[in-house]
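Subject: Structure handover

Hello,

Here is the structure I said I would pass on. Please load it before reading the rest.

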Amino acid sequence: ENKRMQACEYITRANYGLVAGNFEMDFRDGEIRFKSSIEFPEGKLSEEMIKLLWVKSISTLDSYFPGMMRVVYSNESAADAIRDIEPRAAEGSSGSPIEAT
């Protein structure tokens with residue numbers, strides 16, 4: 001419970017650079033989840049579209065999970081964890097350059 005604000009800062013910093021999807025935290029119990037969506041402009045959702053969304057979501061979770069664990073279970077700051085994680089995350093999940101301050 002005492003690490004919720006640090007976890008919140010971490011996911012806020014992570015969310016800023018994400019192109020698709022976002023992390024959310026329930027302040028009541030500290031649960032963190034990742035939410036993503038997909039547009040299908042012609043009204044047809046294909047199996048391939050769902051598979052791509054699933055893969056990108058799991059990739060994002062895989063990229064950011066280690067930093068969250070360091071923030072929650074050590075004394076690493078959210079800013080330091082994001083600086084370490086995001087150069088690798090930018091190559092994988094979001095595909096866009098990400099900056100942390």
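What follows is a short account of what was found in it.

Please keep in mind that this is a predicted model. The mean pLDDT of the chain is 85, and 85% of its residues reach 70 or more. Confidence varies by element: β1 has the highest mean pLDDT, 96, and α3 the lowest, 75. Over residues 93-101 the pLDDT is below 50, although this stretch still has 23 contacts in the model beyond near neighbours in sequence.

Overall layout

The chain has 3 helices and 2 strands, in the order α-β-β-α-α along the sequence. Of its 101 residues, 30% are buried. The chain exposes about 6,900 Å², and carbon and sulfur atoms supply 55% of that area. Among contacts with a separation of 6 or more, 47% are between residues 24 or more positions apart.

The hairpin

Strand β1, residues 22-25, pairs with strand β2, residues 32-35, in the antiparallel sense over 4 bridges. Asn22 has Lys35 as its bridge partner in β2, and Met25 has Ile32. The hairpin has 6 residues between the strands, and Gly30 takes a positive phi near 85 degrees there. The two faces of β1 can be told apart: Phe23 and Met25 are on the covered face, while Asn22 and Glu24 are on the uncovered one.

Phe23, from the covered face of β1, has a long contact list. Leaving out residues up to four places away in sequence, Phe23 touches Ile11, Ala14, Asn15, Leu18, Ile32, Arg33, Phe34, Thr60, Leu61 and Tyr64.

Aromatic pairs

A search of the whole structure gives 3 aromatic pairs. One of them is formed by Tyr10 and Tyr64: the ring centres are 6.5 Å apart and the planes stand at 70 degrees, so the pair is edge-to-face. This pair links distant parts of the chain, since Tyr10 is in helix α1 (residues 4-17) and Tyr64 is in helix α2 (residues 47-73), 54 residues apart. Tyr10 counts as buried because its relative accessibility is 2%, and Tyr64 counts as buried because its value is 1%. Ring pairs join Tyr10, Phe23, Phe34 and Tyr64 into a cluster.

Nonpolar core

Which residues have the most contacts inside the largest nonpolar core? They are Tyr10, Ile11, Phe23 and Tyr64, in a core of 16 residues. At least two residues of this core come from each of α1, β1, α2 and α3 (78-94). The largest share, 5 residues, is supplied by α1. Tyr10, Phe23 and Tyr64 thus appear both in this list and in the ring cluster. Note that α3, which supplies part of the core, is also the element with the lowest mean pLDDT.

Other contacts across the chain

Thr60 lies in helix α2. Is Thr60 buried or exposed? Thr60 counts as buried, because its relative accessibility of 3% is under the 20% cut-off. Thr60 and Phe34 are 26 residues apart in sequence, and their C-alpha atoms are 8.7 Å apart. Thr60 is also one of the residues that Phe23 touches.

Lys3 lies in the segment before α1. Which residues is Lys3 in contact with, leaving aside its neighbours within four places in sequence? The contacts are with Val71, Val72, Ser74 and Asn75. For Lys3 and Val71, the C-alpha atoms are separated by 7.9 Å, with their positions 68 residues apart along the chain counted as separation.

That is the full account for now.

Regards

Definitions and conventions:
Residues are numbered from 1 along each chain as its sequence is written. This is a predicted model: local features need pLDDT of at least 70, side-chain atom pairs count only at pLDDT 80 or more; totals for chains, interfaces and linings use all residues. Side-chain values use heavy atoms; hydrogens and water are left out. Buried means under 20% relative accessible area, exposed over 50%, partly exposed in between (1.4 Å probe, protein chains only). Contact means heavy atoms within 4.5 Å. Accessible areas come from the Shrake-Rupley method with a 1.4 Å probe; for residues, only the protein chains shown count as cover. Two strands pair if DSSP finds at least two bridges between them. Rings of Phe, Tyr and Trp (its six-membered ring) pair if their centres lie within 6.5 Å; planes under 30 degrees apart count as stacked, over 60 as edge-to-face and the rest as tilted. A nonpolar core is a set of buried Ala, Val, Leu, Ile, Met, Phe, Trp, Tyr and Cys residues joined through side-chain atoms within 4.5 Å. pLDDT is the predictor's confidence in each residue, from 0 to 100.
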